[in-house]
Amino acid sequence: MTAAAKPRPDRAYLLRYRDGDMEPCAIVYAPTARDARRQFHAIDGAEYMRTDAERKPEFDAGVPSALDLMAKHGWWFTCRHCGDPATFRESEPSPVVLDDRAWPPTVAHAACHAKAEVSP
Ligand SMILES: [Zn+2]
């Protein structure tokens with residue numbers, strides 16, 4: 001079998017821990033849900049039997065930016081400064097994305113970030 005004969009792993013799956021609080025953990029690209037779970041197991045050290053893979057066609061084109069995940073998909077990330085969840089809320093300024101290259105991205109509340117800038 002040649003590499004070209006294999007299905008391209010371009011289907012996006014959202015992987016979550018089944019017994020946790022069911023918050024999104026990672027977006028994985030794989031041909032099938034089973035492959036996605038195996039891949040997540042290898043990446044994260046998650047137990048294969050305790051993860052769920054949910055098909056996410058809206059992520060097939062690529063992982064959205066951290067800002068889009070928070071603004072359009074309701075995700076949150078841990079604030080780098082205070083450790084609380086940071087996401088979009090109408091009552092607060094938008095969170096600041098400090099580093100989007102690694103996973104999870106480094107994110108901070110606007111207020112926490114402003115405070116850290118003044119007194120690092
Ligand atoms: Zn914060």
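Visitor: What pattern does the chain follow when you read along the sequence?
Guide: It goes β-β-α-β-α-β-β-β-β-α, which adds up to 3 helices and 7 strands. By the way, this is a predicted model: local features need pLDDT of at least 70, side-chain atom pairs count only at pLDDT 80 or more, and totals for chains, interfaces and linings use all residues. Residues are numbered from 1 along each chain as its sequence is written.

Visitor: What makes something a helix or a strand here?
Guide: Both are DSSP runs, numbered from the N terminus: H or I over at least four residues for a helix, E over at least two for a strand. Residues 96-99, for instance, are strand β6.

Visitor: How do you know that β6 and β7 pair?
Guide: Two strands pair if DSSP finds at least two bridges between them. β6 and β7 have 3 bridges, in the antiparallel sense, so they pass. Val 96 stands opposite Ala 108 in β7, and a hairpin of 6 residues links β6 to β7.

Visitor: And how do you know that β1 pairs with β2?
Guide: Strand β1, residues 11-17, is joined to β2 by 5 bridges, so that pair qualifies too. One example is Leu 14, whose bridge partner in β2 is Ile 27.

Visitor: Why are β2 and β3 said to stand at the edges?
Guide: An open sheet of 3 strands runs in the order β2-β1-β3, with antiparallel pairing. β2 (26-30) and β3 (51-55) each have a single partner strand, so one side of each has no neighbour in the sheet.

Visitor: Why is the set with Ala 66, Leu 69 and Met 70 called a nonpolar core?
Guide: A nonpolar core is a set of buried Ala, Val, Leu, Ile, Met, Phe, Trp, Tyr and Cys residues joined through C-beta atoms within 7 Å. Buried means 20 or more other C-beta atoms within 10 Å of a residue's own, exposed means 12 or fewer, and partly exposed is in between, with C-beta atoms placed from the backbone. This set has 9 residues, including Trp 75, Cys 79 and Val 107, and is the largest such core. α2 (66-73) and β7 (106-108) each supply at least two residues, and α2 gives the largest share, 3 residues. Another core, of 8 residues, lies apart from it, with Val 28 and Phe 40 among them.

Visitor: What is Val 96 in contact with, leaving aside neighbours within four places in sequence?
Guide: Val 107, Ala 108, Ala 110 and His 113. Contact means C-beta atoms, placed from the backbone, within 7 Å.

Visitor: How much of the chain counts as buried?
Guide: By that cut-off, 18% of the 120 residues.

Terms used:
Two residues are in contact if their C-beta atoms, placed from the backbone, lie within 7 Å.
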